[in-house]
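I opened a fresh page today to keep track of what I looked up in this model. Here are my notes, in the order I made them.

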Amino acid sequence: SQVSFPRAVDENSSNYLPFMADPPAQKIILEFFLDILLSDINCYSTSAETPARNNLGMSSRALKRLQSPAAAKTYQELNEQKLAILRFLEDHVPREKSILHGIVSGSDVYSAVSQSGDNLFRTSLKHVDLEDKEFIQTLFSFYEGSTNKENSFQRSAPPMPVKIKIMSVLIRSKVSCNMFPSTLKVIFDCASGSSANSKSQQLSVEYARWVLMSAEDKQIRVMGPAILSGLFKILRNLAFSETPSAVPLRNASYGVIPHVCKRLPGVFPQHFDLVEELFSNLLRTKEVSGQVPISEALCAIANILTSISEESKERLYLKIQACQKSASEIARYVGLYFATHVLPFSDLQGRFSCCLAVIELKSATKDLAERGLKPYRLDDAEMIEDETEPFPDFFELVSFITKQYDQQKEEKKTPAGSIPFDSRIYSALLLFLRETITAQDVNVNKDFTEYLSLIEHAFNATKLLDLHKVAATNLTQIFSVVSATAKRYMDRLDYLWPFMFKGKPETREALAKAISMVLEYLPVEKLRSLLLDTLNDLKNGKQDFDSLHGSVTILGMIGSRCIAHNISFDAMDERNLVQETLVTLSTFLTHKNNRLVAVACSGIGAMARYGVLPLPEESDSLTRKKLIEMLTGQLKNTNNTTVERVLHALSDICLGDATYQEKIIEDIYQLSRCKHEEVLFTAGENLACIASKWNSTIAQQRLLPNEEVKPSDLQFQDQPMEDILTHVVKKLVLSSHPDEQVTGSIWLLSLTQFSGKHPKIQTHIQSIQRGFTYMLSSPNEVIQEVGSRGLVLVYEHGTKESQRSLVSSLVNTLASGGTSQIKKSSETELFPEGVLGKTPGDNSKLTTYKELSSLASELGKPELMYKFMNLASHHQLWSSRKGAAFAATTLASSEAKEQLREYLPSLVPKLYRCSYDPNS
């Protein structure tokens with residue numbers, strides 16, 4: 001420290017630093033400097049009281065060399081020597097040869113030395129290739145030291161502060177991750193070595209993560225299980241510790257587990273006890289900050305547990321159930337995540353867990369539960385809806401829910417008139433049972449007693465009115481699927497009957513459908529008694545709404561059964577009870593309460609669809625013509641639901657009697673300027689029903705399950721389809737009035753959807769396609785999207801021969817840009833509402849369709865253009881209650897995906913551009 005050297009190396013430096021030009025001499029000098037930087041004052045002691053201590057990192061020979069008479073005697077002298085060495089290294093030694101000196105001195109206890117050493121370390125690090133295997137091996141050798149005490153030249157391992165500094169370099173090198181066993185030794189030494197501390201353990205965990213991210217597969221197969229074992233050792237040691245250093249170390253250890261899952265996906269299925277240990281830690285941890293890293297680790301494990309043994313599955317059930325009972329939102333989410341990502345969709349416990357979670361307040365958990373109740377498959381841990389996934393076996397599901405119901409009822413001591421579940425949970429269970437029946441071909445010969453009991457439990461919960469509607473819908477479904485279950489209630493009608501006069505109107509309307517199926521099996525005397533009692537109740541002036549609504553609702557159902565089975569009761573009573581029923585229902589068509597008007601319309605429609613209404617042609621009292629006039633008068637009602645019920649009733653009348661068909665159609669035409677799209681859709685589907693009668697899918701949906709249409713009623717008739725089609729296209733689609741254009745487009749779409757097989761539709765299929773193509777250039781977005789959806793339906797309803805012609809015609813139209821030239825009147829609205837601010841005449845949407853046409857042609861499959869049409873449809877119209885009925889085959893369907901699989905690499909970029917058109 002007493003010798004001065006120039007601060008920079010010049011051309012004359014070899015005169016006063018000749019040893020630096022000699023590599024062997026340079027090596028000796030640098031090792032000597034390194035020993036001094038490693039030393040502390042105790043290394044220089046020769047007294048018996050304080051024997052010299054080998055300050056880890058030096059050889060025994062180096063220790064003796066430091067004990068010369070000229071050695072430093074005080075800390076001050078030693079620190080001055082170290083600082084002088086660092087100045088020398090900084091000025092006269094290449095940076096790549098002084099990095100070890102920077103590492104050692106940067107760990108010194110004396111601040112001036114450590115600061116100077118850190119500067120040397122940072123500048124040296126810039127000149128070193130961290131992916132140089134020889135350099136990394138040097139660091140590992142220095143870190144590990146030598147255990148050979150007989151070799152006086154071998155260095156021992158350095159102290160922990162130096163090791164920590166070395167780790168800060170190794171953690172930046174990918175090469176260091178692939179040098180087994182040194183890599184593993186370093187991790188375990190920092191984690192659990194004799195001199196390990198909290199900082200070294202933290203670095204150990206971080207380095208383990210780096211190794212799992214960067215090491216080669218063959219290295220991971222060797223080191224991965226050992227790393228995982230070390231992580232769990234740390235977690236067990238810190239399981240109950242809440243010290244400031246323990247919490248971040250524990251959380252970091254959990255953070256490494258997802259990387260283990262990624263690189264070693266088979267380790268947790270083989271060691272399920274580790275998964276159980278993590279579940280136990282999660283349930284035991286109270287702080288949210290501690291639960292989050294555990295939950296992330298468990299969710300990562302769930303993503304790789306694609307298949308587990310039956311024994312492990314039983315153990316998993318217990319953990320899921322424990323999570324469901326936990327007060328922690330995070331724990332409940334993790335339990336649900338395992339139920340949806342580990343257990344298949346057909347698993348009973350998994351779907352039951354989803355039903356239990358529908359009441360969660362946390363949106364992420366509730367959304368996961370709802371998605372878990374729809375058929376799905378896992379694609380890279382993402383839940384993709386897939387209707388081909390099998391549901392749980394219906395009867396096994398019913399038994400499982402019944403067992404859970406009884407168990408909960410016993411545990412909670414549930415009183416009579418209540419259920420042991422939240423009403424929302426029980427609703428979810430019933431809804432899922434309903435979907436399961438729909439998805440499966442259940443054996444109708446099996447016993448459905450347990451299922452009916454579950455439905456009745458919902459009815460018996462007297463205060464849960466919302467649950468009653470779900471139960472009524474389930475009852476209607478099971479009656480329609482298994483007629484024997486409806487017959488079972490023939491002698492238990494008194495159980496269902498009181499629910500028609502209390503609760504919510506929606507419940508009564510749903511339950512009336514179920515009761516109508518029970519009425520099929522009642523003897524005529526009993527049916528007459530019910531009808532007579534209901535008529536008398538209404539005549540006696542029941543004033544409360546629930547009683548009125550229930551009586552009117554059930555009256556229509558009884559009347560429909562009488563007409564359907566040609567029951568008149570003439571031999572039993574002088575009164576014409578069926579006619580009296582119609583007269584009574586008609587009195588409610590002018591009621592001030594729209595709910596009562598709506599159910600009266602439904603009742604009249606239910607009676608009318610089975611034949612001619614038993615009303616006179618000419619009379620001072622109610623006639624068929626007067627009844628129809630009363631109904632059409634309600635088309636001006638401001639309540640949309642009421643108008644829709646009127647439309648259904650009018651089409652029902654046409655199904656049973658075509659006498660007043662033309663007048664009814666003309667009255668429906670009066671809605672052509674209606675601005676409510678829901679009403680327009682309903683009008684369109686009922687026009688399709690009138691045009692095709694029982695051949696329409698709408699009409700067939702109104703039949704009871706055991707009812708069949710006579711073959712004579714399934715004959716297509718040219719009229720009124722010809723007239724309706726002509727009016728819709730010429731008077732509405734090509735109208736100059738914007739509201740009529742919207743109406744025409746929706747009605748043409750409805751006719752194509754619900755009566756697509758009608759001969760007149762098939763005859764005019766080319767003209768209909770031209771009409772939908774014309775709509776594509778409309779400035780109205782609703783008309784544009786109706787046009788695109790209509791083109792898809794036209795193609796789907798066409799025959800094989802017509803489809804080829806349709807494709808050719810559409811390609812030519814879009815390629816040439818030709819659209820129908822319609823003469824505009826002075827009333828034409830050039831700037832419809834909502835278009836202000838846009839460029840007049842901007843046909844960007846039509847441009848998009850042209851691009852789709854070109855894309856399909858490039859692929860050599862122009863028919864794919866019809867599938868692409870759906871991708872450009874994003875208007876909220878299709879999310880509405882009525883618009884959703886027009887969902888056609890899209891690229892999301894499994895069949896379409898298979899057809900397009902080979903084209904997807906070139907399709908996806910272009911389709912993405914078309915789906916999110918920046919010009920629209």
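**Notebook: a walk through the model**

I started with the cysteines, and C354 is buried, with a relative accessible area of 0%. I should say at once that this is a predicted model, and I read every value here in that light.

*Cysteines.* I looked for a partner for C354 and found that it is in no disulfide. The nearest cysteine sulfur belongs to C355 and lies 7.0 Å away. Next I tried C689, which is buried too, at a relative accessible area of 0%. The closest cysteine sulfur to that of C689 is in C654, at 8.1 Å, which is too far for a bond. I took 2.5 Å between sulfur atoms as the cut-off for a disulfide, and by this rule the count is zero.

*The whole chain.* I then stepped back for an overview. I counted 45 helices and two strands in the chain. Of its 920 residues, 53% are buried. The chain exposes about 43,100 Å², and carbon and sulfur atoms supply 51% of that area. I also checked how far apart in sequence the contacting residues sit. Among contacts with a separation of 6 or more, 70% are between residues 24 or more positions apart.

*The core.* Which residues touch the most other members of the largest nonpolar core? I found F268, F338 and L475 in that role, in a core of 259 residues. Helix α34 (residues 677–692) gives this core its largest share, nine residues. In general, nonpolar side chains in soluble globular proteins tend to be buried together. I picked F338 for a closer look and set aside its neighbours within four places in sequence. The contacts of F338 are then V275, F279, L298, A302, L305, L316, I320 and L343.

*Helix α8.* Is helix α8 enclosed or open? I found that ten of the eleven residues of α8 (residues 160–170) are buried, so this helix is largely enclosed by the rest of the structure. The buried ones include two lysines, K163 and K165, and a serine, S168. The others on my list are M160, V162, I164, I166, M167, V169 and L170. I then asked what these buried residues pack against, and noted α2 (23–38), α5 (99–105), α6 (111–125) and α7 (133–144). On the same list are α9 (182–192) and α10 (198–214).

*Backbone oddities.* Most peptide bonds are trans, and most residues other than glycine have a negative phi. I went looking for exceptions. Where is there a cis peptide bond? One joins F180 and P181, with omega about 10°, and P181 is in the loop between α8 and α9. Another joins Q719 and P720, again with omega about 10°. P720 lies in the loop between α35 (697–700) and α36 (721–733).

For phi, I noted A381, which has a positive value of about 70° although it is not a glycine. A381 is in the loop between β1 (376–379) and β2 (382–385). I checked its exposure as well: A381 is partly exposed, with a relative accessible area of 27%. K693 also has a positive phi, about 55°, and is not a glycine either. K693 lies in the loop between α34 and α35. That brought me back to α34, the helix with the largest share of the core, and I closed the page there.

How values were computed. Residues numbered from 1 in each chain as written. Predicted model: local features only at pLDDT ≥ 70, side-chain atom pairs only at ≥ 80, totals over all residues. Heavy atoms only, no water. Core = buried A, V, L, I, M, F, W, Y, C linked by side-chain atoms within 4.5 Å. Buried < 20%, exposed > 50% of the residue type's maximum accessible area, 1.4 Å probe, protein only. Helix = DSSP H or I, 4+ residues; strand = E, 2+ residues; numbered from the N terminus. Contact = heavy atoms within 4.5 Å. Areas by Shrake-Rupley, 256 points an atom, 1.4 Å probe, with all protein chains shown as cover.
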